[in-house]
Amino acid sequence: MPPPDAAKSRLAYIDWMRGLACLLMFQTHCYDSWLSPQARQSRFFMYSQLGGTFPAPLFLFLAGISFALVTDKLRRKNLPPAQIARTTIWRGAEIFGFGVLFRLQEYLVAWGWAPKSDLLRVDILNTIGMSMMLMGIVCWLASELFLGAPSLPRSLRQGWETRPSTPLVLSAAGTALLISLLTPPLWTTWRPNWLPWPLESYVNGVHNLGTPQAGLFPVFPWTGFAFAGLAVGFILQSSWAREQEARAFFSLGLGGSLLIEFARWLEAQPRQLYAVNDYWRTSPSFFLIRVGMLLVILTAAYAWCRWGAAQWGFSPLILLGQASLLVYWVHIEFVYGRVSILPKRAMTIGGASLGLLIIFLAMLALAYVRTKTKRRGAEGLPKLMQGLNMHDAAHQLKSLGSPATHDRAPATRNQL
């Protein structure tokens with residue numbers, strides 16, 4: 001068994017990728033909020049916003065990978081599928097609750113000029129929480145239907161019992177593909193406009209404006225990225241990937257490259273499957289391209305964290321990734337909120353870039369304080385336990401070891 005430091009090193013790519021998503025998010029938000037109308041007409045702004053198409057898929061994709069890691073850990077403790085589902089679905093509900101609280105905070109901060117409908121916007125935290133709850137349901141169904149179904153041939157069932165990741169990978173990948181294929185009609189010809197708009201908005205991001213909005217994160221297609229990450233996470237937890245880790249990651253990168261080329265070929269075909277084809281927002285081809293690029297980024301991040309300079313010393317991206325939920329929550333107010341550090345829609349590219357640097361350094365400092373405080377709290381726990389009486393100590397140890405607390409703790413920082 002590898003030492004703890006080696007295991008931690010192998011998982012550094014998750015924090016590094018999440019930190020990359022934070023950096024891309026900062027530049028997207030800063031330039032979008034601060035650049036003047038003239039600067040927004042530049043090619044520079046166009047490319048900055050193009051880079052902004054990656055943070056949400058990265059966060060969701062990594063949430064899926066982390067979900068697979070936690071699920072696999074609980075499964076190896078021989079917990080029943082229903083109990084694993086309760087644990088993971090409850091964690092998703094917590095993240096969804098954070099999303100609701102975030103919307104409430106934004107509304108109160110913008111009191112007086114923000115419409116009440118902003119309370120029901122489908123933002124990225126809502127979607128991550130919703131994705132986790134859906135992933136918990138799909139994993140539970142896959143475990144019950146494929147691993148415990150008595151109607152399946154005994155040889156097939158025994159084969160899947162020795163390789164339980166196989167039905168989970170197939171279920172997650174199939175769900176991601178299904179979400180992608182259903183997105184175009186649910187945004188256009190099959191729109192469930194008979195639903196109240198707060199509910200329809202979770203399907204296609206319509207909000208209360210009558211048509212799907214580009215700045216929201218509905219279930220279709222965004223949760224597809226989480227399920228793609230879930231499939232990748234279960235692949236990485238398979239015995240083959242554990243034994244040949246580097247080969248597994250490079251195989252995923254190669255698969256991502258092939259997926260990009262396949263999606264480009266598919267989009268170039270003269271006959272289209274859908275009556276309305278919106279390539280940049282709902283096209284399955286563009287979804288597959290982005291999944292392929294996520295796989296390539298995953299391989300590059302793994303190589304950089306294992307053989308590159310990512311862990312030679314201080315790594316800003318890893319640090320940001322370890323506190324990504326906090327820096328996401330805080331930076332919004334200093335970029336879009338009333339306490340914006342620069343005047344909105346009034347800056348040159350140079351001025352906005354200086355503001356971006358300030359935001360990056362401030363959020364890096366915040367992440368540093370957060371991680372240091374968290375580590376000191378963890379180090380002080382044994383001393384605290386020594387001061388408890390025997391009854392309290394037994395109760396605390398039982399709580400720390402239960403699936404609802406200790407086993408769910410790694411997911412706290414690994415969801416956003």
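This report describes a predicted model of one protein chain, going from the overall fold to single residues.

**Overall picture**

The protein chain contains 18 helices and zero strands. It has 416 residues, and buried residues make up 50% of them. Among contacts with a separation of 6 or more, 75% are between residues 24 or more positions apart. The area exposed by the protein chain is about 20700 Å², and 67% of this is supplied by carbon and sulfur atoms.

**Selected residues and their accessibility**

The table lists residues discussed below, with the relative accessibility and class of each.

| Residue | Relative accessibility | Class |
|---|---|---|
| C22 | 0% | buried |
| C30 | 0% | buried |
| T282 | 6% | buried |
| T371 | 6% | buried |
| H29 | 18% | buried |
| T166 | 27% | partly exposed |
| F98 | 31% | partly exposed |

**H29 and its partners**

Helix α2 covers residues 12-34, and H29 lies in it. H29 counts as buried because its relative accessibility, 18%, is under the 20% limit. Its side chain makes a polar contact with the side chain of H331, at 2.8 Å. H331 also appears among the residues in contact with H29 once neighbours within four places in sequence are left aside; the others are I332, V335 and Y336.

**Two buried threonines**

T282 is not in a helix but in the loop between α12 (245-267) and α13 (284-306). The loop position does not leave T282 open to the surface: at 6% relative accessibility, T282 is buried. Not counting residues up to four places away in sequence, T282 touches S180, T183, P184 and W187.

T371, in contrast, is part of helix α16, which spans residues 349-386. T371 is buried too, with a relative accessible area of 6%. The side chain of T371 reaches the backbone oxygen of Y368 at 3.0 Å. Beyond residues up to four places away in sequence, T371 touches L319 and Q322. L319 is 52 residues from T371 along the chain, and the C-alpha atoms of these two residues are separated by 7.8 Å.

**T166 in helix α8**

T166 is placed in helix α8, made of residues 165-187. With 27% relative accessibility, T166 counts as partly exposed, so it falls between the limits of 20% and 50%. Between the C-alpha atoms of T166 and F234 there are 8.1 Å, while 68 residues separate the two along the chain.

**Cysteines**

How many disulfides does a search of the whole structure find? The search finds zero. C22 has 0% relative accessibility and is buried. C30 is likewise buried, at 0% relative accessibility.

**A nonpolar patch on the surface**

Seven named side chains belong to the last feature: F98, L101, L104, L108, W111, L119 and L120 make a nonpolar surface patch of about 640 Å². One of these residues, F98, is located in helix α5 (residues 81-109). F98 counts as partly exposed because its relative accessibility is 31%, which lies between 20% and 50%.

Terms used:
Residues numbered from 1 in each chain as written. Predicted model: local features only at pLDDT ≥ 70, side-chain atom pairs only at ≥ 80, totals over all residues. Heavy atoms only, no water. Helix = DSSP H or I, 4+ residues; strand = E, 2+ residues; numbered from the N terminus. Buried < 20%, exposed > 50% of the residue type's maximum accessible area, 1.4 Å probe, protein only. Polar contact = N/O pair within 3.5 Å; in protein donor to acceptor, adjacent residues only side chain to side chain. Contact = heavy atoms within 4.5 Å. Disulfide = S-S within 2.5 Å. Patch = residues over 30% accessible without salt bridge, like charges linked within 9 Å, V, L, I, M, F, W, Y side chains within 5 Å. Areas by Shrake-Rupley, 256 points an atom, 1.4 Å probe, with all protein chains shown as cover. Salt bridge = Lys/Arg side-chain N within 4 Å of Asp/Glu carboxyl O.
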